[in-house]
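Dear colleague,

Please find the structure below, handed over for your records. My notes on it follow directly after.

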Amino acid sequence: MQVLVEAPQHSGLTGPLDYLADQALPPGTLVRVPLGRRTVTGLVWDAPTADADAWAADQLKPVAEVLPDLPPLPPTWRQLVRFASAYYQRSLGEIAMMVLPPELRQLDAVQWGRRFKRLTKSLAQPPAATDAPEVLPDLTPEQQTVLDALAPSLAPGDAEPAPTTYLLWGSTGSGKTEVYLRQADRALQAGRQVLLMVPEINLTPQLEARVAARFAGRNIVSLHSGLTPAQRLRNWMLAHLGLADIVLGTRLAVFTPLPRLGLVVVDEEHDPSYKQQDGARYSARDLAVYRGQLEKVPVLLGSATPSLETWFNALPQAEGGAGRYQRLTMPSRVGQGAMPRVRRLDLSREPKPRPGQEAPPLAQALLDAIAERVARGEQSLVLLNRRGYAPVLQCSDCGWKSECPQCSAWRVFHKVDRTLRCHHCGLTDRVPRACPNCGNLDIHPLGRGTEKLEEQLAAALPDARVGRIDADVTKLKGALEDRLASVHAGEVDILVGTQMVAKGHDFRRITLVAAVNPDAALFASDFRAAERQFALLLQAAGRAGRDASVAQGSEMWVQTWHPDHPLYAALARYDYEFFAQQQLKERQMAGLPPYAHLAMLRAEGKTQEAAQGFLVEAAQLVEALAAELGGILLYPPVPTAVQRVANIERAQMLIEAESRPALQRLLARATDDWLALAHQHRPRGLVRWAVDVDPLAI
DNA sequence: AGCACGCCGACT
DNA sequence: GTCGGCGTGCTC
C-alpha cells in the first residue's frame with residue numbers, strides 16, 4: 001500500500017512509500033508507519049502506478065496503526081495536493097503533511113482517540129443563536145448589480161452552471177465585504193460551506209467579528225498560524241467534518257478539507273502575503289482558483305488594485321486580455337464618501353537645507369496641513385516604509401558604517417533600546433559609544449526611519465500627540481490591537497507607520513494621509529515594485545475620509561521628486577485601469593508576467609562561487625531540453641539583491657518561458673537531475689537549493 | 001528532516 | 001578510558 005510521509009525533496013524520498021496492510025485502506029486515510037527507527041504519521045495514497053519502482057516484498061514493513069474515526073481526506077483534497085506538488089516542484093509527502101494541522105501529525109492512535117472523543121463532545125453544541133438578527137445594510141445599486149451577476153453561480157439545480165472565477169474590482173470603501181457576506185449567505189442557505197481568505201493574521205479578528213455578527217448561529221472558525229496547535233486542530237476538524245460553515249483564514253487555509261464547499265473568497269487578492277516565501281512556495285490565490293475549478297465552485301477574487309495577472313485574466317479578449325475570469329466592478333465609495341484629493345508635493349521646489357543643517361521631516365506645506373488637522377481635532381496618517389531610527393550609522397571621521405558582520409546589509413539604528421539590528425539575520429548589539437574602527441565619538445545616523453520621523457514630528461508639532469505603528473511596536477501579542485484602539489479613541493493626532501497600517505484598518509477620523517518617501521519604488525529593479533507601490537498608496541489613501549462627514553476635505557499627500565511620474569498621475573486620478581494598461585504594455589514589451597512565465601532557481605552556499613557553480617551546471621543540464629521545448633530562456637546566474645544573509649551566500653537563476661506548459665515540462669524533467677547535481681555539489685559548499693515557480697520578485 | 005553510524009579532540 | 005563534535009548515508 002502506498003503511503004505519503006513527510007520528507008523534504010532533498011531526502012530523495014519523492015514519491016509514496018510501500019507498506020503492508022492486512023486490509024486495503026481507502027486513500028486519504030491517516031496512518032502511523034515505521035520509517036527508519038521512528039514511527040511517523042503518513043497518508044494512504046492511491047494504488048501504485050505501473051511504473052512505480054517496486055520495493056522488494058520481503059523488505060516491506062506493515063502499517064503500525066490507523067488513526068481511528070478520522071474520515072479519509074477526500075479525493076478533491078488529494079487532487080489539490082497532487083497539483084500543488086507537481087506545479088511547485090515539491091514532493092507529494094511534503095505538501096500533504098505540511099497542510100495538515102501540526103498537532104495531528106504528532107499524535108499516535110491512542111492519543112488521537114482521546115483527542116477525538118474530547119473534540120466531538122465540544123463539537124456537539126451548536127453556537128448559541130442570538131435573539132436579534134443583525135439588520136442588513138441597504139445595498140448600493142453597484143452591490144446589487146454585482147450580486148445579481150453572481151446569483152446564477154450558486155443556483156442549485158439541473159443545469160450545473162460552469163464554475164467561474166470572478167474578479168470583484170471595487171474601490172476601497174465600495175463595500176466589497178458586504179458582497180462577500182451576501183454571497184456567503186447564499187452559499188450557506190444552499191447548505192454549503194464557505195472559505196474566506198484574507199492576506200494577514202492581523203486582519204482576521206476584525207473580519208471574524210463582522211462575520212460572526214452577520215451569521216450568528218452559524219459555526220465560524222478561523223485558521224491561521226497564530227492559533228495554538230490545539231485550536232488549529234479543532235478548527236480544522238470542524239471544517240473537515242463538515243461542521244464549520246465558514247472558514248476564515250490566511251493562505252494555509254486554502255488546503256482545508258471542506259466536504260460541502262460552495263464558495264471561495266480571496267480578499268485583497270493582489271496581496272503578496274498569499275505567496276508562501278519559504279519551503280513550498282505556493283500561491284494560495286492561484287491554488288484557490290484551481291480549487292474552485294476542481295470542486296466546481298465559484299471563486300471570488302476581490303481587490304481595489306488587482307494583481308496584473310488577475311487583471312489580465314479578467315480582461316476580455318477583445319481588450320487584449322485572457323478573458324478567463326468574469327470582471328465585476330464597483331467604482332463608487334459607499335455613503336457619498338469621496339476618495340481624498342491627491343496632492344503631489346514637488347520636493348525639487350523645496351528650499352535646500354543649509355549645509356550642516358538637517359532637512360525638515362516633512363515639507364513645510366505638508367507640516368502646515370497636518371498642524372491644521374491637529375488644530376481641528378482630526379487625525380493624520382504619515383507613511384514611511386522603513387522601521388527603526390536610521391537605516392545606517394556612520395562615523396564622521398573615518399567613514400565607518402554599521403555593516404552587518406554576517407550579511408551584505410547595513411544594520412539599522414534603533415534608538416528606543418539603543419541597538420544596532422540587522423533586519424535580515426536579526427543580529428543585535430548595543431550601539432557602540434565610539435566608532436569601532438577609529439574610536440571617534442562622533443558617529444551619526446544617516447537617513448530616517450519611522451522612529452526618527454515620530455521624534456521629528458513630535459518636535460515640530462509640540463501640541464500634537466504622535467503615535468507609531470510598525471513591526472517593532474506590535475511585536476507583542478495584543479500590542480497592535482492596543483495601538484489601534486488608542487487611535488480609534490482619539491488619543492493620537494498623528495500616526496506614523498509602515499505599510500502595515502495601510503492595510504484594511506478602518507480609521508474613522510483620519511482626514512490626511514501622507515507618503516513621505518515613496519519614490520524608491522519608481523526605479524526599483526524589481527518589476528513588480530510599481531504595481532505594489534500603486535496598490536499600497538491607493539490602499540493608504542483609502543484610510544482617509546472613511547467617514548462621509550469628513551471625506552470632503554480629506555487629502556492624500558505624496559512627497560516626491562517626480563511629481564509627473566505616470567504612477568502618481570494615475571494615482572491622482574484614482575485611475576487603476578489606466579495604470580494597469582500602462583504596466584501591461586511594459587510587461588509585454590519586456591517579456592514579463594502575465595505575458596511570460598517565470599521560475600527562479602535559487603541556491604545558497606558557503607561561498608558565492610559554490611552557489612553560482614551549482615546554478616551554472618544546473619543550467620547546462622537543461623539547456624538541450626529548453627531548446628527542444630522552445631521559447632525558454634535561461635538567464636545567467638547572479639547574486640541575489642542581498643547577496644549574503646547570516647554568512648550564507650545566495651545566488652539565483654531566472655528561467656523565462658513563453659508558455660506555462662513548456663515551463664512546467666522543463667521543471668518536471670529537470671528536478672531529478674538537479675537533485676542529483678545538488679548531491680554532487682554538497683561537498684563543494686552548496687547548502688540549499690530550491691525552485692520558486694511564479695516568483696514575486698526577481 | 002530525523003536519526004543513525006563513525007571516526008577524532010578535551011574531560012570526569 | 002568516555003562524552004561529543006558534526007560529516008555521510010538511509011528511511012518502504
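Lysine 296, just after helix H9, takes a positive phi of about 55°. This and every other value here was computed from a predicted model. Helix H9 itself spans residues 284-294, and its buried residues are Ala284, Arg285, Leu287, Ala288, Val289, Arg291 and Gly292. The elements that cover these buried residues include helix H1 (75-87) and helix H10 (308-314), together with strands S7 (165-170), S8 (193-197), S11 (261-267) and S12 (299-303).

As to the overall layout, the domain assignment divides chain A into domain 1 (2-123), domain 2 (141-335), domain 3 (337-387 + 449-588), domain 4 (388-447) and domain 5 (597-693). Between the C-alpha centres of domain 3 and domain 5 the distance is 39 Å.

The largest nonpolar core has 129 residues, and the members that touch the most others are Trp112, Phe255, Leu601, Phe614, Ile655, Trp674 and Trp689. Helix H19 (residues 660-681) contributes the most to this core, with nine residues. Apart from it lies another core, of 25 residues, including Leu150, Leu188, Leu196 and Leu207. To return to isoleucine 655, its contacts beyond four places in sequence are His597, Leu598, Ala599, Ile632, Leu633, Leu634, Leu663, Leu666, Leu667 and Trp674.

Two groups of cysteines carry annotations from UniProt. In the record, which is an unreviewed entry, one "binding site" feature covers Cys404, Cys407, Cys422 and Cys425. These four are spread over 22 residues of sequence, yet they cluster in space, with a largest C-alpha distance of 8.8 Å.

Within this group, cysteine 407 sits in the loop between strand S16 (392-395) and strand S17 (412-414). Cysteine 407 has a relative accessible area of 0% and is therefore buried, the cut-off being under 20%. Leaving aside neighbours within four places in sequence, cysteine 407 is in contact with Cys422, His424, Cys425, Arg644, Val645 and Ala646. Cysteine 425 belongs to the loop between strand S18 (419-421) and strand S19 (428-430). Its relative accessible area is 26%, so cysteine 425 counts as partly exposed. With the same sequence neighbours set aside, cysteine 425 touches Cys404, Gln406, Cys407 and Ala646.

The unreviewed UniProt entry also places a "binding site" feature at Cys395, Cys398, Cys435 and Cys438. Here the spread in sequence is 44 residues, but the positions again cluster in space, and the largest C-alpha distance is 8.6 Å.

Cysteine 395 lies in strand S16. At 2% relative accessibility, cysteine 395 is classed as buried. Beyond four places in sequence, cysteine 395 touches Trp400, Cys435, Cys438, Asn440, Asp442, Ile443 and His444. Cysteine 438 is found in the loop between S19 and strand S20 (443-446). With a relative accessibility of 37%, cysteine 438 is partly exposed. Its contacts, again not counting residues up to four places away, are Cys395, Asp397 and Cys398.

Finally, there is the surface near the nucleic acid. The residues around DNA strand B are Pro8, His10, Ser11 and Arg38. Of the atoms of DNA strand B that come within 4 Å of the protein, sugar and phosphate account for 53%. By class, this surface has one nonpolar, two polar and one charged residues.

With kind regards

Notes. Residues numbered from 1 in each chain as written. Chains lettered and ligands numbered in written order. Predicted model: local features only at pLDDT ≥ 70, side-chain atom pairs only at ≥ 80, totals over all residues. Heavy atoms only, no water. Domains from an automatic or database assignment. Core = buried A, V, L, I, M, F, W, Y, C linked by side-chain atoms within 4.5 Å. Buried < 20%, exposed > 50% of the residue type's maximum accessible area, 1.4 Å probe, protein only. Helix = DSSP H or I, 4+ residues; strand = E, 2+ residues; numbered from the N terminus. Contact = heavy atoms within 4.5 Å. Near = heavy atom within 4 Å. Nonpolar A, V, L, I, M, F, W, Y, C, P; charged D, E, K, R; others polar. UniProt positions renumbered as here; feature names shortened; annotations may be inferred.
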